[in-house]
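Hello,

Here is the structure I said I would pass on. My notes on it follow below; please read them with the coordinates open.

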Amino acid sequence: MPGFSITLLLLPRPDEAAPYDATQILCFLDDVPDAPGWKWARSVPPDEVTFVSLPPSSNIAASGQLDRVFGTQNREGYLEAIRRACEAVSKAEPELTRMDRIAGDGDCGLTLMSGATSKRLGLFRETRAEVKKGILKRLEQGDITGEDVIQDVRVISEAINDAMDGTSGALYS
Amino acid sequence: MGIHNEPGHSRSKLTSLSILIPSLLDMITRTDDPERSFVPFKNDGSDRAILLVNNLGSVSQLELGAIVGETLKALTVRGITIDRAISGTIMASTTQRMAVYAFATYLCVAILRRR
């Protein structure tokens, strides 16, 4: 069940008539139990909580409050550059995968290729296959236009998030 | 708590922890309701307490950590000294009542045997 509960056990004061005093109660709690469901807790008071407040974000594009639109001067060249980048990533797949097999877990090239092109998921290809749309697919669909570069970056980020798995997918998106 | 699907004290829209936690602590520490205020908090900076934050089952560790942090912060603001903070899935609940009872009983038996 999603949710939490907060419980406070008020410790007896030194002048209070109670079956156990505060020191004894703490001593009971600090005892090491063998109940498997009980989580280990530090037998010292919690550290002082300090909250660092971040300065207000200067990323106005992310907040959607941008009042200007940045277009491209050479739309055809811009779209062609994205297309070629995707194709170059696909072409480099065997080499990237080979290097990752030596230095990592061997999926780097495949992961990048999924982000660039598209990925078909599903154990039973005929029945439950689901196509995760990569950057190239979004380009073909006309989602990347060159009319608003920031919007295009958002679409690319979305495509990467959809189609790439692994750590790199999360990092790049 | 509403662990057996009881309607609970009130319903509200999901809000941020910094608003939710102080309102929950108010209900625990206020002493102006004779039918409910049976724990003698003094709320004068001299109270010492042990904090237990229980996960009802499906809150992530990351979120539970945030809840503990926010609760400790709110308690510091109130001047309640916390001598121990315990958090974890101590008493969980699913939507099936029998499962809840089974789990609670098991925990009690385990603790009683230890004592």
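**Helix packing in chain B**

In chain B, helix α1 (residues 17-29) packs against helix α2 (residues 61-78) at an angle of about 60°, and their axes are 9 Å apart. The cut-offs put angles under 35 degrees as roughly parallel and 65 to 115 as roughly perpendicular, with oblique for what is left outside the roughly antiparallel range; α1(B) and α2(B) are therefore oblique to each other. The crossing in which α1(B) passes α2(B) is right-handed. On the α1(B) side, the contact is made by B:Leu17, B:Ser18, B:Ile21, B:Pro22, B:Leu25 and B:Thr29. From α2(B) come B:Ala66, B:Ile67, B:Glu70, B:Thr71, B:Ala74, B:Leu75 and B:Arg78. Sorted by class, the contact of α1(B) with α2(B) has eight nonpolar, three polar and two charged residues.

This is a predicted model, so please read everything here in that light. The confidence values are at the end.

**The sheet across the two chains**

α2(B) also lies across three strands, namely β1 of chain A together with β1 and β2 of chain B, and runs at about 155° to β1(B). These strands form an open sheet in the order β1(A)-β1(B)-β2(B), with mixed pairing. Its edge strands are β1 of chain A and β2 (81-88) of chain B, each of which pairs on one side only. Ignoring direction, neighbouring strands of this sheet are turned against each other by 15° on average.

What joins the two chains within this sheet is the pairing of β1(A) with strand β1 (residues 48-55) of chain B, which is antiparallel and runs over seven bridges. Two of the bridge partners may help you find the register. A:Phe4 has B:Asn55 in β1(B) as its partner, and A:Leu8 has B:Leu51 in β1(B).

**The contact between the chains**

Which residues does the contact take from each chain, counted as a number? Chain A gives 24 residues and chain B gives 38 residues. On the side of chain A that touches chain B, β1 (4-10) and α1 (22-30) of chain A each supply at least two residues. The most comes from β1(A), with seven residues. By class, that side of chain A has 18 nonpolar, four polar and two charged residues.

**Helix packing in chain A**

Two helix pairs in chain A are worth a look, and both involve α4(A).

In the first pair, helix α3 (residues 93-103) of chain A and helix α4 (residues 108-116) of chain A have axes that come within 6 Å and cross at roughly 140°. The residues of α3(A) in this contact are A:Glu93, A:Pro94, A:Leu96, A:Thr97 and A:Asp100. Those of α4(A) are A:Cys108, A:Gly109, A:Leu110, A:Leu112 and A:Met113. The classes in the contact of α3(A) with α4(A) are six nonpolar, two polar and two charged residues.

In the second pair, α2(A) and α4(A) pack at an angle of about 155°, with their axes 8 Å apart. That makes α2(A) roughly antiparallel to α4(A). α2(A) passes α4(A) in a left-handed crossing. A:Cys86, A:Val89 and A:Ser90 of α2(A) meet A:Leu112, A:Met113 and A:Ala116 of α4(A) in this contact. Five of the residues in the contact of α2(A) with α4(A) are nonpolar, one is polar and none is charged. A:Leu112 and A:Met113 of α4(A) appear in the contact with α3(A) and also in the contact with α2(A).

**Confidence**

The model scores ipTM 0.78 and pTM 0.60. Chain A averages a pLDDT of 84, and 86% of the residues score at least 70. Among the elements of chain A, helix α2 (residues 75-91) has the highest mean pLDDT (94), and helix α5 (residues 125-128) has the lowest (53). For chain B the average pLDDT is 80, and 79% of the residues score at least 70. Over residues 96-115 of chain B, pLDDT stays under 50, and the model has 17 contacts beyond four places in sequence for these residues.

Regards

Definitions and conventions:
Residues are numbered from 1 along each chain as its sequence is written. Chains are lettered from A and ligands numbered from 1 in the order in which they are written. This is a predicted model: local features need pLDDT of at least 70, side-chain atom pairs count only at pLDDT 80 or more; totals for chains, interfaces and linings use all residues. Two residues are in contact if their C-beta atoms, placed from the backbone, lie within 7 Å. Helices (H or I, at least four residues) and strands (E, at least two) are DSSP runs, numbered from the N terminus. Ala, Val, Leu, Ile, Met, Phe, Trp, Tyr, Cys and Pro count as nonpolar, Asp, Glu, Lys and Arg as charged, and the others, Gly among them, as polar. Two strands pair if DSSP finds at least two bridges between them. Axes are lines fitted to C-alpha atoms, for helices over the stretch in contact, and angles run from 0 to 180 degrees between N-to-C directions. Angles under 35 degrees count as roughly parallel, over 145 as roughly antiparallel, 65 to 115 as roughly perpendicular and the rest as oblique. A crossing is left-handed if the near helix is turned anticlockwise from the far one by less than a right angle, and right-handed if clockwise. pLDDT is the predictor's confidence in each residue, from 0 to 100.
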